[in-house]
Amino acid sequence: MAANTHLSIASWNLALNAAIDVENGGWLDIYDSTGTGQPATPDVAVTTQVKLASLALNATAAGAASGGTKTYNAITSGTGLAVGTATWGRFTKADHTTAVHDCSVCTSGADINLNDAAITIGGTVSVTAYTFSMPVAQ
């Protein structure tokens, strides 16, 4: 017989809360794709990519998961640290070191949409909204 394991939506919500709540008080670092681009996973270190901005997450980064989705609370706008085109972001714990998850970044059609993907030194970098979803009933 083939494998046929499935989790309930309640289980997905528990897993999503456990995975993302460690970002409370953490950071969203936004990078360009210089060199190797977005790493394959958050476990792969940032190397040649340029950090364009760091945005602070709220003490409660996101609300409780519902239906396999967590909606982030407002992410504080940041200031551009370098010149470049934003293509991906990395969420970290409050220590600003421990990577939790990565995502795509652009002005539309990405995981995170910014006010402007062309980052300049001293320019304002802001996220319009962000939700993180897991597949449910798998």
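**View 1. Strands S6 and S7 pair in the antiparallel sense.** This view comes from a predicted model. The pairing of S6 with S7 runs over 5 bridges. One bridge partner set is easy to look for: Thr-92 is matched by Ala-99 in S7. S6 and S7 also form a hairpin, with 6 residues between them. His-96 sits in the turn and has a positive phi of about 60°. In general, strands of a sheet pair through backbone hydrogen bonds, either parallel or antiparallel.

**View 2. Strand S1 pairs with strand S6.** S1 covers residues 27–31, and S6 covers residues 88–92. Their pairing is antiparallel, over 5 bridges. Find Ile-30, then look across to S6: Gly-89 stands opposite. Trp-27 has its bridge partner in S6 too, and that partner is Thr-92. Thr-92 is also the residue whose bridge partner in S7 is Ala-99.

**View 3. Strand S6 is largely enclosed by the rest of the structure.** Is S6 buried or exposed? Count along the strand: 5 of its 5 residues are buried, so S6 is largely enclosed. Now check which way the residues point. Trp-88, Arg-90 and Thr-92 point one way from S6. Gly-89 and Phe-91 point the other way. Residues on both sides of S6 are buried.

**View 4. The open sheet has 5 strands.** What is the order of the strands? It reads S2-S1-S6-S7-S8, and the pairing is mixed. Strand S2 (51–56) is one edge strand, and strand S8 (112–113) is the other. Each edge strand pairs on one side only.

**View 5. Tyr-31 and Trp-88 form a stacked aromatic pair.** The structure holds 4 aromatic pairs. In the pair of Tyr-31 and Trp-88, the rings lie 4.5 Å centre to centre, with 15° between the planes. Tyr-31 lies in strand S1 and Trp-88 in strand S6, so the pair ties together parts that are 57 residues apart in sequence. Tyr-31 is buried, and Trp-88 is buried as well.

**View 6. Tyr-72 and Phe-91 form a tilted ring pair.** The ring centres of Tyr-72 and Phe-91 are 5.3 Å apart. Why is the pair called tilted? The planes of the two rings stand at 45°, so the pair counts as tilted. Tyr-72 lies in the loop between S3 and strand S4 (78–79), while Phe-91 lies in strand S6. The pair therefore ties together parts that are 19 residues apart in sequence. Tyr-72 is buried, with a relative accessible area of 7%. Phe-91 is buried too, with a relative accessible area of 0%. Ring pairs link Tyr-72, Phe-91 and Tyr-130 into a cluster.

**View 7. Helix H1 has a buried side.** H1 spans residues 9–20, which is 12 residues. From its first C-alpha to its last, H1 reaches 16 Å, close to the 16 Å expected at 1.5 Å a residue. Which residues of H1 are buried? They are Trp-12, Asn-13, Leu-16, Asn-17 and Ile-20. These buried residues cover an arc of only 135° around the axis, which puts them on the same side of H1. Turn to the other side of H1 and you find Ala-10, Leu-14 and Ala-18, which are exposed. The cover over the buried residues of H1 includes strand S3 (69–71), strand S7 (99–106) and strand S11 (131–133).

**View 8. Ser-77 sits in the loop between S3 and S4.** Ser-77 is partly exposed, with a relative accessible area of 40%. Beyond residues up to four places away in sequence, Ser-77 touches Leu-55, Thr-124, Val-125 and Ser-126. Ala-53 is 24 residues from Ser-77 along the chain, and their C-alpha atoms are separated by 9.4 Å.

**View 9. The protein chain has 1 helix and 11 strands.** Read along the sequence, the pattern is α-β-β-β-β-β-β-β-β-β-β-β. The C-alpha atoms fill a box of roughly 55 × 30 × 30 Å, taken along the principal axes. With 138 residues, a compact globule would have a radius of gyration near 14 Å; the protein chain has 16 Å, which agrees. Of the 138 residues, 38% count as buried. Among contacts with a separation of 6 or more, 67% join residues 24 or more positions apart.

Methods: Residues are numbered from 1 along each chain as its sequence is written. This is a predicted model: local features need pLDDT of at least 70, side-chain atom pairs count only at pLDDT 80 or more; totals for chains, interfaces and linings use all residues. Side-chain values use heavy atoms; hydrogens and water are left out. Helices (H or I, at least four residues) and strands (E, at least two) are DSSP runs, numbered from the N terminus. The expected span of a helix is 1.5 Å times one less than its number of residues. Buried means under 20% relative accessible area, exposed over 50%, partly exposed in between (1.4 Å probe, protein chains only). The arc is that of the directions from the helix axis to the C-beta atoms. Contact means heavy atoms within 4.5 Å. Two strands pair if DSSP finds at least two bridges between them. Rings of Phe, Tyr and Trp (its six-membered ring) pair if their centres lie within 6.5 Å; planes under 30 degrees apart count as stacked, over 60 as edge-to-face and the rest as tilted. The radius of gyration is taken over C-alpha atoms; the globule rule is 2.2 Å times the number of residues to the power 0.38.
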